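Let's take a walk through this model, starting in the sheet and ending with the empty spaces. Keep the 3D view open as you read.

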Amino acid sequence: MPHPETQPQLPVPRSEIDLFLARPDEAVCDALRNLEGDIVVLGAGGKMGLHLCLMLRFALDELEQDNRVIAVSRFGNLKSKSEYEERGVLTVAGDLREERFVAELPDAPTVFYLVGAKFGTADRPEILRETNVDLARSLALRYRSSRIVAFSTGCVYSFVTPGCGGSHEGSPTEPVGEYAQSCLERERRFQQVSEEEGTEVVLIRLNYSVEFRYGVLVDVASKVLAGEPVDVSTGFVNVIWQGDALRQIVQALPLAQSPAIPLNITGPDILSVREIAEEFGRRFGRKALIEGEESETAWLNNAGRSHRLFGEPSVEIDTMIDWVVAWLSGGGSTYGKPTGFEKRDGKF
């Protein structure tokens, strides 16, 4: 991570950041070429939903295909309906916990499942059960005849040492904490429906998606910039640029099968949190304050299979750091939602 000689620049003007994160490439278009019917994106109002919906819409437009992209969410305080609708994505607003609303959702042969709860659940395990487990089964049954790409997390694996290279799809799943356990139970509900109904499903085990306003790199950079200590108890992480993650997730659509299969999505490197903090310190021109000592293990994924299938992500770690520095140095806002990556008890 060499210190740059010039001030890092954003890849596009600030007003075009969301469009930049949603750009499809040729491989995304190939995955959607001649796709029949509509695409429903469940839980589309979160941090990745807008960019996924726009990527699908842009790719279909480029292919001159008229499949509808339908975003389903309560559309709370993160993204507004207009951000989807003004780019040609249809929206259906409602609560997926309501049986009548779910029953009236449009049918679609292709579904992307982004529903999940994490933050603010440490003292409310019932939310984890309701959102991550019960909803997974009910919505999988609602779309039993569809092909489903279901977002999951690398937190379903056990902690491993950096030296092992990260957990692969066949590694033990003995997750730490109630959140991670609920994510594993969510996968199991999809697997059950897949086996019972013949539903084609691919489970996306993602570690950790990063963009300008959210992610591990933003967490670390924000602390360094504010002169706050960076906790290195969880001393190693994987990251992937969100645009790359979404492009690979769309390419995973044809892999869905019954029984359901997992697929790791992340970057190729196991990164030291201490070294990342120190690099942000150099680029911001201030000393990074370090707190704690690295534990021997962390949640780490090996995404070798997805890289063999789709190629390695296009955005390397130095570029991600440049972009985060440029965004924050220029006064760019964040979502104000820390990832909690440093937590080792699984409580969020």
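Which residue in E5 is the bridge partner of Tyr113? Bear in mind that this is a predicted model. The partner you're after is Ala150. That pair belongs to a stretch where strand E4 (residues 110-113) is joined to E5 by 4 bridges, with the two strands running parallel. Another pair to pick out here is Val111, which stands opposite Ile148 in E5.

Now look at the other neighbour of E4. Strand E1 (residues 39-42) is joined to E4 by 4 bridges as well, and these two also run parallel. Across that seam, Val41 stands opposite Phe112 of E4.

While you're on E4, check its side chains. Thr110 and Phe112 point one way, while Val111 and Tyr113 point the other way, and all of them are buried. As a rule, side chains in a regular strand alternate between the two faces of the sheet.

Zoom out and you can see what these strands belong to. It's an open sheet of 7 strands, ordered E3-E2-E1-E4-E5-E6-E11, with parallel pairing. Strand E3 (90-93) and strand E11 (261-265) sit at the edges with a single partner strand each, so one side of each has no neighbour in the sheet. From one strand to the next, the twist averages 20 degrees. In general, strands of a sheet pair through backbone hydrogen bonds, either parallel or antiparallel.

What packs on this sheet and touches E4, E5 and strand E6 (200-206)? That's H7, whose direction makes about 165 degrees with that of E5.

Next, hop to Leu253, in the loop between helix H9 (242-251) and E11. Is Leu253 buried or exposed? It is buried, with a relative accessible area of 2%. Setting aside neighbours within four places in sequence, Leu253 is in contact with Leu32, Leu35, Thr110, Arg147 and Val149. Thr110 is one of the buried E4 residues from before. Compare Leu253 with Leu42: they are 211 residues apart in sequence, yet 15 Å apart in space, C-alpha to C-alpha.

On to the empty spaces. Rolling a probe the size of a water molecule over the atoms shows where space is left. The largest pocket has a volume of about 1,500 Å³. Its lining takes in 43 residues, and Gly46, Lys47, Leu114, Gly116 and Ala117 lie nearest the centre. Helix H6 (125-142), strand E5 (147-153) and helix H7 (177-197) are the elements giving two or more residues to that lining, so you'll meet E5 and H7 again here. By class, the pocket lining has 19 nonpolar, 17 polar and 7 charged residues.Closed-off space turns up too: a search of the whole structure finds 2 cavities of 30 Å³ or more. The largest cavity holds about 40 Å³ of space, and Asp219, Val220, Lys223, Val230, Asp231, Phe341 and Glu342 line it. Helix H8 (216-226) and strand E8 (230-231) each give two or more residues to this lining, with H8 giving the most, 3 residues. By class, the lining of the largest cavity has 3 nonpolar, no polar and 4 charged residues.

The second largest cavity has a volume of about 40 Å³. Among the residues lining this second cavity are Phe159, Tyr208, Trp299 and Phe341. Its lining has 7 nonpolar, 1 polar and 1 charged residues. Phe341 also lines the largest cavity.

Definitions and conventions
Residues numbered from 1 in each chain as written. Predicted model: local features only at pLDDT ≥ 70, side-chain atom pairs only at ≥ 80, totals over all residues. Heavy atoms only, no water. 1 Å grid on protein atoms, 1.4 Å probe; cavity = no way out; pocket = protein on both sides within 12 Å on 5 of 7 lines; lining within 4 Å. Points joined across faces, edges and corners; volume = space filled by probe spheres on them. Nonpolar A, V, L, I, M, F, W, Y, C, P; charged D, E, K, R; others polar. Pairing = 2+ DSSP bridges. Axes fitted to C-alpha atoms, helices over the stretch in contact; angles between N-to-C directions. Contact = heavy atoms within 4.5 Å. Buried < 20%, exposed > 50% of the residue type's maximum accessible area, 1.4 Å probe, protein only.
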